[in-house]
Amino acid sequence: MPIVGNSKTRAEEVVARCKKLSSFSEDFGSIRRTFLSPPMRDCHRELARWLVAAGAQVTVDAAGNLRAFYAAEESRAPRLLLGSHLDTVPNAGAYDGVLGVVLAISLVEALEGRRLPFGIELVGFSEEEGVRFGTPFIGSRALVGSLDEQFLNCQDRNGISIRKAIKDFGLNPAEIARAMIGQDTVAYLEFHIEQGPVLESLGQSLGVVAAIAGQTRMEFTFIGRANHAGTTPMHLRHDAIAAAAEWILAVERSAQKEPGLVATVGRIEATPGATNVIAGQARVSLDLRHRSDELRLGTTAALTGLAEQIAARRGLTVQRSELLSQSAVEMDPFLVAEIEKATRSVGCQPHRMISGAGHDAMIMAEKVPAAMIFLRTPGGISHDPAESVMTEDAAKAIECGSVLLEQLATSSEFQKRMCRA
């Protein structure tokens with residue numbers, strides 16, 4: 001189906017804007033934009049310029065989230081949230097997170113000043129990736145009211161807490177409670193690149209997210225005994241790296257046995273880290289994901305027990321800490337059905353999928369009905385400079401989003417939800 005109307009022009013602008021925002025980085029020659037780093041201020045400034053021109057009122061809340069409100073026909077009408085995150089991983093691509101914010105701006109611009117029965121609030125979340133503080137979703141946690149004192153005291157590698165980072169950005173952490181969404185918020189929608197190869201393998205531009213897999217993130221530290229590599233016989237060693245390696249292979253085998261389960265050890269740190277010294281300590285990460293929380297938690301327990309068995313057999317000890325345990329989240333059935341209807345109306349075959357990646361939508365779903373629309377990711381490449389998006393897919397997303405807004409504006413079910421908000 002050819003690109004209709006001016007959606008192609010808007011899509012080209014969306015891609016250009018994402019590339020513009022990618023220039024705001026902490027690193028020269030690559031993209032890295034972490035929680036409330038100086039480039040985030042540049043990002044806010046550029047987004048605000050586009051949003052004000054579209055007729056929205058722009059603020060930044062105490063958690064550093066960019067908030068923009070496009071008013072409804074009536075001043076006291078409920079509001080629909082559209083958004084995604086503005087932070088990135090190191091050496092990132094130009095579209096993860098940011099594309100969802102820029103597409104939301106394009107949808108408001110496409111209204112050309114026309115008002116809907118609900119207001120539209122756009123959110124550029126300050127943090128989703130968990131890069132700076134080792135724990136994700138700072139931005140969306142503020143909106144659902146789960147940024148507690150303990151969370152705000154988390155520190156980065158330089159000993160700067162989340163609380164201090166907020167202050168250093170010129171914001172007041174004492175006002176975080178004011179960032180919470182109100183009773184007038186009726187739903188949350190998020191556009192995002194798939195970050196995987198499924199849609200491309202199917203030849204589909206868009207995907208309909210039915211659920212987001214639950215996640216466990218842990219850190220295990222195998223503690224043995226450092227010693228000379230040339231003088232210590234193999235049978236008298238307490239090698240922390242060897243223990244970690246045995247466990248890592250067991251993690252891989254466990255995941256291969258369960259359909260849909262993915263398990264990753266993405267980081268290994270050895271101490272003292274010399275070529276001629278047996279490692280006395282090996283610290284490894286674990287990332288475990290599945291749609292079933294029961295299976296995920298059961299596998300986590302089994303792998304924890306296995307780490308203890310391996311350590312004991314080798315004369316080591318093992319310490320563990322849980323960094324994240326995020327439950328799987330089903331997307332709102334009504335919104336999913338409306339997205340499928342809108343997808344079909346713009347010439348795309350709806351494809352329901354499970355997101356293996358975590359998204360702000362899973363946090364927002366704790367408070368309001370939430371749903372997501374995926375865009376095809378060429379090559380399935382994400383979290384990498386080669387990350388890309390096809391202009392025609394962005395155009396389809398704009399068309400689908402515009403149709404979806406019209407559907408919700410005339411839906412009797414959505415009207416009922418607005419009345420309850």
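Analyst: Start with a definition. A helix axis is a line fitted to C-alpha atoms over the stretch in contact, and angles between axes run from 0 to 180 degrees. The model here is predicted.

User: Why are α10 and α12 called oblique to each other?

Analyst: Look at the angle. The axes of α10 (residues 333–345) and α12 (residues 391–410) cross at roughly 125 degrees. Roughly perpendicular covers 65 to 115 degrees, and roughly antiparallel needs over 145. The value fits neither class, so the pair is oblique. The two axes come within 9 Å, and the crossing of α10 with α12 is right-handed.

User: Which residues make that contact?

Analyst: From α10 come Phe334, Leu335, Glu338, Ile339, Lys341, Ala342, Thr343 and Ser345. From α12 come Cys400, Val403, Leu404, Gln407 and Leu408. By class, that gives 8 nonpolar, 3 polar and 2 charged residues.

User: Helix α12 also meets α1. What makes that pair roughly perpendicular?

Analyst: The axes of α1 (residues 7–21) and α12 cross at roughly 115 degrees. The perpendicular class runs from 65 to 115 degrees. The value falls in that class, so α1 and α12 are called roughly perpendicular. Their axes come within 8 Å. Here too the crossing is right-handed.

User: Which side chains or backbones touch there, residue by residue?

Analyst: On α1 they are Ser7, Lys8, Arg10, Ala11, Glu12, Val14 and Val15. On α12 they are Thr391, Ala394, Ala395, Ile398 and Glu399. The contact of α1 with α12 holds 6 nonpolar, 2 polar and 4 charged residues.

User: Why are α2 and α3 called roughly parallel?

Analyst: Helix α2 (residues 38–53) and helix α3 (residues 98–110) cross at roughly 15 degrees. The cut-off for roughly parallel is under 35 degrees. The angle passes, therefore α2 and α3 count as roughly parallel. Their axes come within 9 Å, and α2 passes α3 in a left-handed crossing.

User: What meets what between α2 and α3?

Analyst: Leu47, Trp50 and Leu51 of α2 meet Val101, Ile105 and Glu109 of α3. Class by class, there are 5 nonpolar residues, no polar ones and 1 charged. Glu109 is the charged one, because Glu counts as charged.

User: What is there to say about the second largest pocket?

Analyst: It holds about 360 Å³ of space. Its lining has 20 residues, and Thr59, Asp61, Arg67, Arg178 and Ala179 are the closest to its centre. Strands β1 (57–60) and β2 (66–70) are the elements that give two or more residues to the lining.

User: How many lining residues of the second largest pocket fall in each class?

Analyst: The count is 8 nonpolar, 5 polar and 7 charged.

User: What is the geometry of the peptide bond from Thr271 to Pro272?

Analyst: That bond is cis, and its omega is near 10 degrees. Pro272 sits in the loop between β10 (268–271) and β11 (277–278).

User: What sets Phe137 apart in its backbone, and where does it lie?

Analyst: Phe137 has a positive phi of about 70 degrees, although it is not a glycine. Phe137 lies in the loop that runs between β4 (119–125) and α4 (138–144).

How values were computed. Residues numbered from 1 in each chain as written. Predicted model: local features only at pLDDT ≥ 70, side-chain atom pairs only at ≥ 80, totals over all residues. Heavy atoms only, no water. 1 Å grid on protein atoms, 1.4 Å probe; cavity = no way out; pocket = protein on both sides within 12 Å on 5 of 7 lines; lining within 4 Å. Points joined across faces, edges and corners; volume = space filled by probe spheres on them. Helix = DSSP H or I, 4+ residues; strand = E, 2+ residues; numbered from the N terminus. Left-handed = near helix turned anticlockwise from the far one by under 90°. Contact = heavy atoms within 4.5 Å.
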